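Me: I should like a close look at one part of this structure. Please begin with a single residue and then describe what surrounds it in the chain.

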Amino acid sequence: MSPPPWRLRGQALVTVYGRPDPGALLLLRYAASPVGPYDEVMWVTLGAPSPAGPRPQVTRIAVGTPQSVTWGRANWGIPKTLARFEWQGSQNHGQVRVWEDGKLLTHLAFQQFGLALPVSTGLVPAPWRTLAQLRLDGQAGWWLTQVDMTGRVRPARLRVIQGAALHPALETGRPLLTVALPTTHLLFPVPTPA
């Protein structure tokens, strides 16, 4: 069993998209978690309706291990599916293809550069970093999970070569901002009911 809280350590790339479909694309490689190392790619809808008001909501996510699928769904209502990640290049410059059920889910190219500075979600208003997810553990209702993060941030580019299967905005939307977190520490606490 792997109940919350979870402390995770790894690296990430984040691209934020604006209107008409505000959201964020996240690509993460966890070196350490309660279920071991794994990769994930996700689309987070920003300002999704919930019983607690507009909140970020993970609407599509693929991960590299069955354990992450099982416990992400049970612990926080995150709708994880299993995928295979194929990486090329280095941490600073490369590509990844993500395959789900034998079909290409997304193909991304990335580059990070420049000085990495300290960053924390401590100054971000709680509603902006609190996920609102429908429960997926057989119970009715919603989970609210206030995610905390510390690490280092630097400029980056994340180019979507193919991505409509992950989310249509990835091929039609224009990125507003892309950053890399070459080191990041995340805390997913015990969720609260909405």
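Is tryptophan 6 buried or exposed, and what is its relative accessible area?

Reply: Tryptophan 6 is buried, with a relative accessible area of 1% (buried means under 20% relative accessible area, exposed over 50%, and partly exposed in between, with a 1.4 Å probe and protein chains only). The model is predicted, so local features need pLDDT of at least 70 and side-chain atom pairs count only at pLDDT 80 or more, whereas totals for chains, interfaces and linings use all residues. Residues are numbered from 1 along each chain as its sequence is written, and side-chain values use heavy atoms, with hydrogens and water left out.

Tryptophan 6 belongs to an aromatic pair with tryptophan 76, one of six such pairs in the structure. A pair of aromatic rings is described by the distance of the centres and the angle of the planes. Rings of Phe, Tyr and Trp (its six-membered ring) pair if their centres lie within 6.5 Å, and planes under 30 degrees apart count as stacked, over 60 as edge-to-face and the rest as tilted. For tryptophan 6 and tryptophan 76 the centres are 5.1 Å apart with 85° between the planes, which is an edge-to-face arrangement. This pair links distant parts of the chain, since tryptophan 6 is in strand 1 and tryptophan 76 is in helix 1, 70 residues apart (helices, H or I of at least four residues, and strands, E of at least two, are DSSP runs numbered from the N terminus). Tryptophan 76 is buried too, at a relative accessible area of 2%. Together with Phe188, Trp6 and Trp76 form one aromatic cluster.

Helix 1 covers residues 66-76, and its buried residues are Ser68, Val69, Gly72, Asn75 and Trp76. These residues are on the same side of helix 1 because they cover an arc of only 165° around the axis (the arc is that of the directions from the helix axis to the C-beta atoms). Just after helix 1, glycine 77 takes a positive phi of about 75°.

Strand 1 itself runs from residue 6 to residue 17. In the segment before strand 1 lies proline 5, and the peptide bond from proline 4 to proline 5 is cis, with omega near 5°. A second cis peptide bond joins arginine 19 to proline 20, with omega near 10°; proline 20 is in the loop between strand 1 and strand 2.

Tyrosine 17 of strand 1 also takes part in an aromatic pair, with tryptophan 43 of strand 3, 26 residues apart in the chain. Their rings are tilted, at 5.5 Å centre to centre and 50° between the planes. Tyrosine 17 counts as buried at 3% relative accessibility, and tryptophan 43 counts as buried at 0%.

Strand 1 further contributes to the lining of two pockets. Rolling a probe the size of a water molecule over the atoms shows where empty space is left. On a 1 Å grid over the protein atoms alone, a pocket is an open set of points where a 1.4 Å probe fits, with protein on both sides within 12 Å along at least five of seven lines, and lining residues have an atom within 4 Å of a point. The largest pocket holds about 1,100 Å³ of space (a volume is the space filled by probe spheres set on the points, which are joined across faces, edges and corners). Its lining has 40 residues, and those closest to the centre are Val14, Leu26, Thr121, Trp128 and Arg129. Strand 1, strand 2 and strand 3 are among the elements that give two or more residues to this lining. By class, the lining of the largest pocket has 32 nonpolar, four polar and four charged residues (Ala, Val, Leu, Ile, Met, Phe, Trp, Tyr, Cys and Pro count as nonpolar, Asp, Glu, Lys and Arg as charged, and the others, Gly among them, as polar).

The second largest pocket holds about 180 Å³. It is lined by 15 residues, with Gln11, Arg29, Trp87, Gln91 and Phe110 nearest its centre. Strand 1 and strand 2 are again among the elements that give it two or more lining residues, as are strand 6, strand 8 and strand 13. The lining of the second largest pocket divides into eight nonpolar, six polar and one charged.
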